[in-house]
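The exercises below ask for features of one protein model, and each is followed by a solution in steps. Try each task on the coordinates before reading on.

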Amino acid sequence: MRKRLTLTGLVVSFLLTTALAQGEWRSFKSTEENFTISLPSEPKQERTAGRSPLGNGHHIYSLETNGVSFLISNSVIENPPSQSKDIKRTLDFARDLVAMVTNGKLLTDTDISIDGFPGRLVRIEKDKKIWTLRAYLVKERMYQLMTTEPQAKEANPAVTKFFV
């Protein structure tokens with residue numbers, strides 16, 4: 001009986017520690033790019049130059065922790081699409097770029113939105129990993145949030161927290 005209580009105590013302690021560790025995410029704010037996001041720790045920052053259908057220059061924030069990669073990218077679109085066919089084409093390009101880079105199996109390709117702004121949810125599987133992309137067109141900006149995680153039967157709580 002004492003061993004069972006000790007084992008139960010250890011399991012409860014582990015679960016509480018895990019829950020608290022996940023709850024300690026920091027709020028990261030970029031005033032220049034006009035967004036705030038919660039992350040497990042401070043991301044690395046990188047700027048790229050050049051033009052693409054996804055915008056001019058990219059500001060990329062990235063972080064890897066506990067086998068999960070988090071990436072936030074945003075860019076300014078010179079002539080933001082306003083027609084639904086052009087919005088679709090831009091979001092298709094974001095999907096196609098991730099599909100090309102990963103060369104994996106497309107699992108999900110769904111139109112989404114945030115605060116009325118159009119977006120796309122894409123999930124791709126390759127080599128026992130899952131790439132999840134949420135791309136949004138917000139006025140003159142393209143925001144892309146992406147994670148890479150090991151394939152698992154259950155949703156990864158860190159990934160779920162990142163996208164909420």
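**Exercise 1.** Determine whether Asn103 is buried or exposed, then place it in the chain and state its phi.

Solution. Step 1: Asn103 has a relative accessibility of 59% and therefore counts as exposed; buried means under 20% relative accessible area, exposed over 50%, partly exposed in between (1.4 Å probe, protein chains only). Step 2: Asn103 sits in the loop between H2 and strand E6 (105-114). Helices (H or I, at least four residues) and strands (E, at least two) are DSSP runs, numbered from the N terminus. Step 3: the phi of Asn103 is near 55°, a positive value in a residue other than glycine.

Two conventions apply throughout. The model is predicted: local features need pLDDT of at least 70, side-chain atom pairs count only at pLDDT 80 or more, and totals for chains, interfaces and linings use all residues. Residues are numbered from 1 along each chain as its sequence is written, and side-chain values use heavy atoms, with hydrogens and water left out.

**Exercise 2.** Give the order of elements in the protein chain and the share of residues that count as buried.

Solution. Step 1: the protein chain has three helices and nine strands. Step 2: read from the N terminus, the order is α-β-β-β-β-β-α-β-β-β-β-α. Step 3: 35% of the 164 residues count as buried. Step 4: the chain exposes about 10700 Å², of which carbon and sulfur atoms supply 54%; accessible areas come from the Shrake-Rupley method with a 1.4 Å probe, and for residues only the protein chains shown count as cover.

**Exercise 3.** Describe the pairing of E1 with E2 and of E6 with E7.

Solution. Step 1: strand E1 (residues 26-30) and strand E2 (residues 35-39) pair antiparallel over five bridges; two strands pair if DSSP finds at least two bridges between them. Step 2: Arg26 stands opposite Leu39 in E2. Step 3: the hairpin of E1 and E2 has four residues between the strands, and Asn34 there takes a positive phi near 60°. Step 4: E6 and E7 also run antiparallel, joined by nine bridges, with Ile112 opposite Gly119 in E7. Step 5: two residues lie between E6 and E7 in their hairpin, and Asp115 in the turn has a positive phi of about 50°.

**Exercise 4.** Starting from Asp92, find its salt bridges with Lys88 and Arg95.

Solution. Step 1: apply the criterion, a side-chain nitrogen of Lys or Arg within 4 Å of a carboxyl oxygen of Asp or Glu. This rule gives eight salt bridges. Step 2: Asp92 and Lys88 meet at 2.8 Å, N to O. Because they are four residues apart in helix H2, about one helical turn separates them. Step 3: Asp92 is buried at 14% relative accessible area, whereas Lys88 is partly exposed at 48%. Step 4: Asp92 also forms a salt bridge with Arg95, with the closest N and O atoms 3.4 Å apart. Both lie in helix H2, three residues apart, and both are buried.

**Exercise 5.** Analyse the salt bridge between Asp109 and Arg120, then say which residues are joined into one network.

Solution. Step 1: the side chains of Asp109 and Arg120 meet at 3.2 Å, N to O. Step 2: Asp109 lies in strand E6 and Arg120 in strand E7, so the pair ties together parts eleven residues apart in sequence. Step 3: Asp109 is partly exposed at 34%, and Arg120 is buried at 3%. Step 4: through shared partners, salt bridges join Lys88, Asp92, Arg95, Asp96, Asp109, Asp111 and Arg120 into one network.

**Exercise 6.** Locate Thr90 and find the backbone oxygen that its side chain reaches.

Solution. Step 1: Thr90 is in helix H2 (residues 84-102). Step 2: Thr90 counts as buried, with 12% relative accessibility. Step 3: its side chain reaches the backbone oxygen of Asp86 at 3.0 Å.

**Exercise 7.** Place Thr65 and list its contacts beyond four places in sequence.

Solution. Step 1: Thr65 belongs to strand E4 (residues 55-65) and is partly exposed at 25%. Step 2: leaving out residues up to four places away in sequence, Thr65 touches Pro40 and Phe70, where contact means heavy atoms within 4.5 Å. Step 3: Thr65 and Ser41 are 24 residues apart in sequence and 8.6 Å apart in space, C-alpha to C-alpha.

Methods. Polar contact = N/O pair within 3.5 Å; in protein donor to acceptor, adjacent residues only side chain to side chain.
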